[in-house]
Amino acid sequence: MTLIDLANPTRFLALTARILPWLAAITAILLAIGLYQSAVAPDDYQQGATVKIMFIHVPNAWLSMFVWGVMSLAALGTLVWRHPLADVAAKAAAPIGAAFTFLALVTGSLWGRPMWGTYWEWDARLTSVLILFLMYLGLIALWRAVEDPSRAARAAAILTLVGAINLPIIKFSVDWWNTLHQPASVMRMGGPALDRAFLIPLLVMAVAFSLLFLTLHLAAMRNEILRRRVRALQLIQVAQASQRRA
Amino acid sequence: MSLGPYASFIVTSYLLVTIVVLILIAWIAIDYRRQKQRLRELDASGVVRRSGRSATEIR
């Protein structure tokens, strides 16, 4: 099966039916390994056991930006190539991205209270992530508010691409401004600053959460394709009923 | 395994992530069942796709 075959929603449904059970199983196994490694990871010399929050906070924070990146690529697919699955991919990803962003914000707050002495600070990193969360909610509201799917797709694609400006702001906010949030300690020049005892569980959890996103995204895309098929069939049903009456 | 003086923050974080992920999984699974049910109802009412295939067919 070539990539162009996936442009056909029916072939996409057949493919997801085959790979979803395997993806779900691999995700569950990796999550179990990651959670075990997080549980047995040593305490940090400064943070103590609180460092365990990092193993769930950081993957959620990475995914909050990655999902918007995926949606931005899908937005290009909608506007430039008019790919039939591009809007389906973006619309299906938005609630999942919003959930990951919500978790990044809340777990960050719960980590911040014992470490910084506060749940929230209006600094550049925290505020830009909060804006990302609000943008996810705005996009979801837009898709729900516009009745015509093709008009909703174009409007959402433009809003997604405009919102992508926030991604480098989030990433570099800790370098550009004085923030309470620590600078990057994994993806940085000169390699990760974390000890292997923390880095390995963190990377396993990051891969597990990424696979979780892939699994949920494919399943949500499948649902969105079926929803559009239901809508199309309902329109045919209405047209047939009015023909019979005429 | 001792979680120290901030155990409640750690446990709350992990519980919250578990709950939100389970809600996501349940929401997607319920939505799938709902769409399949609607397609079965449309199929039963005799509506066919423009391709001539049945509503529930995915191949």
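Which residues does A:Ala90 touch, not counting residues up to four places away in sequence? Keep that question while the tour sets the scene; the model on screen is a predicted one.

**Chain A, whole**

Select chain A. Its 246 residues form seven helices and zero strands, so colouring by secondary structure gives the order α-α-α-α-α-α-α from the N terminus on. Taken along the principal axes, the C-alpha atoms of chain A fill a box of roughly 80 × 35 × 30 Å. Buried residues account for 36% of chain A. Among its contacts between residues at least 6 apart in sequence, 77% join residues at least 24 apart.

**A:Ala90 and the core**

Now select A:Ala90 and show its surroundings. With residues up to four places away in sequence left out, A:Ala90 touches A:Met71, A:Ala74, A:Ala75, A:Thr78, A:Ala156, A:Ala157 and A:Thr160. That answers the opening question.

A:Ala90 also belongs to the largest nonpolar core, which has 65 residues. The members that touch the most other members are A:Val67, A:Met71, A:Ala89, A:Ala90, A:Ala93 and A:Ile96. To see where the core comes from, select H2, H3, helix H4 (124–145), H5 and H7 of chain A, then add H1 of chain B: each of these supplies at least two residues.

**H2 against H5**

Select residues 54–81 of chain A, which are helix H2, and residues 149–163, which are helix H5. Their axes come within 8 Å and cross at roughly 135°. An angle of that value makes H2(A) oblique to H5(A). The crossing is left-handed.

For the contact itself, show these side chains:

- from H2(A): A:Trp68, A:Met71, A:Ser72, A:Ala75, A:Thr78 and A:Leu79
- from H5(A): A:Ala153, A:Arg154, A:Ala157, A:Thr160, A:Leu161 and A:Gly163

By class, this contact has seven nonpolar, four polar and one charged residue. Several names return from the A:Ala90 stop, including A:Met71, A:Ala75, A:Thr78, A:Ala157 and A:Thr160.

**The loop after H2**

Move to A:Arg82, in the loop between H2 and helix H3 (86–116) of chain A. Is A:Arg82 buried or exposed? It counts as exposed, because it has 12 C-beta neighbours inside 10 Å. Check its backbone too: phi of A:Arg82 is near 50°, a positive value in a residue other than glycine. Most residues other than glycine have a negative phi.

**Chain B and its contact with chain A**

Select chain B. Chain B has one helix and zero strands, and of its 59 residues 17% are buried. Next, show the contact between the chains, which takes 29 residues from chain B and 33 residues from chain A. On the chain B side there are 18 nonpolar, six polar and five charged residues.

**H7 of chain A beside H1 of chain B**

Finish with residues 196–245 of chain A (helix H7) and residues 7–44 of chain B (helix H1). The two axes come within 9 Å and cross at roughly 25°. That angle makes H7(A) roughly parallel to H1(B), and the crossing is left-handed.

Residues to display on H7(A) include A:Leu212, A:Leu216, A:Leu226, A:Val230 and A:Leu233. Those on H1(B) include B:Val21, B:Leu24, B:Ile28, B:Leu39 and B:Leu42. The contact also has A:Arg222, A:Arg227 and A:Arg229 from H7(A), and B:Asp31, B:Lys36 and B:Arg38 from H1(B). In full, the contact of H7(A) with H1(B) divides into 13 nonpolar, three polar and six charged residues.

Definitions and conventions:
Residues are numbered from 1 along each chain as its sequence is written. Chains are lettered from A and ligands numbered from 1 in the order in which they are written. This is a predicted model: local features need pLDDT of at least 70, side-chain atom pairs count only at pLDDT 80 or more; totals for chains, interfaces and linings use all residues. Axes are lines fitted to C-alpha atoms, for helices over the stretch in contact, and angles run from 0 to 180 degrees between N-to-C directions. Helices (H or I, at least four residues) and strands (E, at least two) are DSSP runs, numbered from the N terminus. Angles under 35 degrees count as roughly parallel, over 145 as roughly antiparallel, 65 to 115 as roughly perpendicular and the rest as oblique. A crossing is left-handed if the near helix is turned anticlockwise from the far one by less than a right angle, and right-handed if clockwise. Two residues are in contact if their C-beta atoms, placed from the backbone, lie within 7 Å. Ala, Val, Leu, Ile, Met, Phe, Trp, Tyr, Cys and Pro count as nonpolar, Asp, Glu, Lys and Arg as charged, and the others, Gly among them, as polar. A residue is buried if 20 or more other C-beta atoms lie within 10 Å of its own, exposed if 12 or fewer, and partly exposed in between; C-beta atoms are placed from the backbone. A nonpolar core is a set of buried Ala, Val, Leu, Ile, Met, Phe, Trp, Tyr and Cys residues joined through C-beta atoms within 7 Å.
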